[in-house]
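Here's a quick walk through this fold, taken strand by strand and then through its packing. Have the viewer open as you read.

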Amino acid sequence: LQLAGHVYTELQPLPFKFSLSSPRVSQGDIDLLITALLTNDSVASAPTSRVSASSVVEPKTQRPPWADLDGEVSIKVEELAFQSGQVITDLKAQVNVSEALLSVKDITATLKGGGLVGDANVAYDPIQNPAYRVVSSFVFKNVDPSLFSKRNYSRFPVQGLFEGQFKFAGS
């Protein structure tokens, strides 16, 4: 796993730019990375002061967990191995993070002769009610849903290959 990038700790929100690439990543590797990030969340939980001199406005909704981050991550993984034994190949995505938007775009992956492409966004606007808006769109072809099972795929309750389009928009 290779992680390269820049973080500018003297600025707020915290600007960053990372590139994550690897010939092979396992589901266990991802679990360890997430655990490491969650136990070192001092940046995400650090208080920020954004009070104007003329008035104090109490936000209607708590700021998003990524509010103190501003940057992008480019992901390129040749093989992503799940605990089920399934493998995703040629996984690519672009992640953009700011207080107003968490976006994962240009997602592509190959799944045993099939594949998926898509985008997902979570927009945050504290003035709107509700403050969060989620929009995602995925197209998949010849995808075996057991891929996402943590158990051996032969025990998964749904079997077969699926094609379709998934669109979700909500708040």
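Is Ser136 buried or exposed? Keep in mind that you are looking at a predicted model. Ser136 sits in strand β8, and with a relative accessibility of 10% it counts as buried, because the cut-off for that is under 20%. Once residues up to four places away in sequence are set aside, Ser136 still touches Asp119, Ala120, Phe166, Lys167 and Phe168.

Tyr132 belongs to strand β8 too. Tyr132 comes out as partly exposed, because its relative accessible area is 23% and the partly exposed range runs between 20% and 50%. A polar atom of the Tyr132 side chain lies 3.1 Å from the backbone oxygen of Gln62. Tyr132 also has Ser171 across from it in space: 39 residues separate the two along the chain, yet their C-alpha atoms are 5.5 Å apart.

Now for the N-terminal end of the sheet pairing. Strand β1, residues 2–7, runs antiparallel to strand β2, residues 14–22, with 6 bridges between them. In that pairing, His6 faces Lys17 of β2. The link from β1 to β2 is a hairpin of 6 residues. Strand β2 has a second partner in β4, residues 69–81, and here the pairing is parallel, over 9 bridges. Ser19 is found opposite Ser74 of β4.

Some backbone geometry is worth a look. Two peptide bonds leading into prolines are cis, and both prolines sit in loops: Pro13 in the one between β1 and β2, Pro130 in the one between β7 (114–124) and β8 (132–143). There are also two residues other than glycine with positive phi, Asp106 and Asn142. The values are collected here.

| Feature | Where | Angle |
|---|---|---|
| cis peptide bond | Gln12 to Pro13 | omega near 0° |
| cis peptide bond | Asn129 to Pro130 | omega near 5° |
| positive phi | Asp106 | phi near 55° |
| positive phi | Asn142 | phi near 55° |

Where do Asp106 and Asn142 sit? Asp106 is in strand β6, residues 101–111, while Asn142 is in strand β8. Asp106 counts as partly exposed because its relative accessibility is 47%, which falls short of the over 50% needed for exposed. Asn142 is partly exposed as well, at a relative accessible area of 25%.

What about the packing? Nonpolar side chains tend to be buried together in soluble globular proteins. In this model the largest nonpolar core holds 14 residues, and Val77, Leu80, Ile88, Leu91 and Leu111 have the most contacts inside it. Strands β4, β5 (87–97) and β6 each give two or more residues to this core. A separate core of 5 residues lies apart from it, and its members include Phe16, Val73, Val95 and Val97.

Which residues does Leu111 contact, leaving aside neighbours within four places in sequence? They are Ile88, Leu116, Asn142, Val143 and Leu147. That list brings back Asn142, the β8 residue with phi near 55°, as a contact of Leu111. Leu111 is also one of the residues with the most contacts inside the largest nonpolar core.

Conventions
Residues numbered from 1 in each chain as written. Predicted model: local features only at pLDDT ≥ 70, side-chain atom pairs only at ≥ 80, totals over all residues. Heavy atoms only, no water. Pairing = 2+ DSSP bridges. Helix = DSSP H or I, 4+ residues; strand = E, 2+ residues; numbered from the N terminus. Buried < 20%, exposed > 50% of the residue type's maximum accessible area, 1.4 Å probe, protein only. Core = buried A, V, L, I, M, F, W, Y, C linked by side-chain atoms within 4.5 Å. Contact = heavy atoms within 4.5 Å. Polar contact = N/O pair within 3.5 Å; in protein donor to acceptor, adjacent residues only side chain to side chain.
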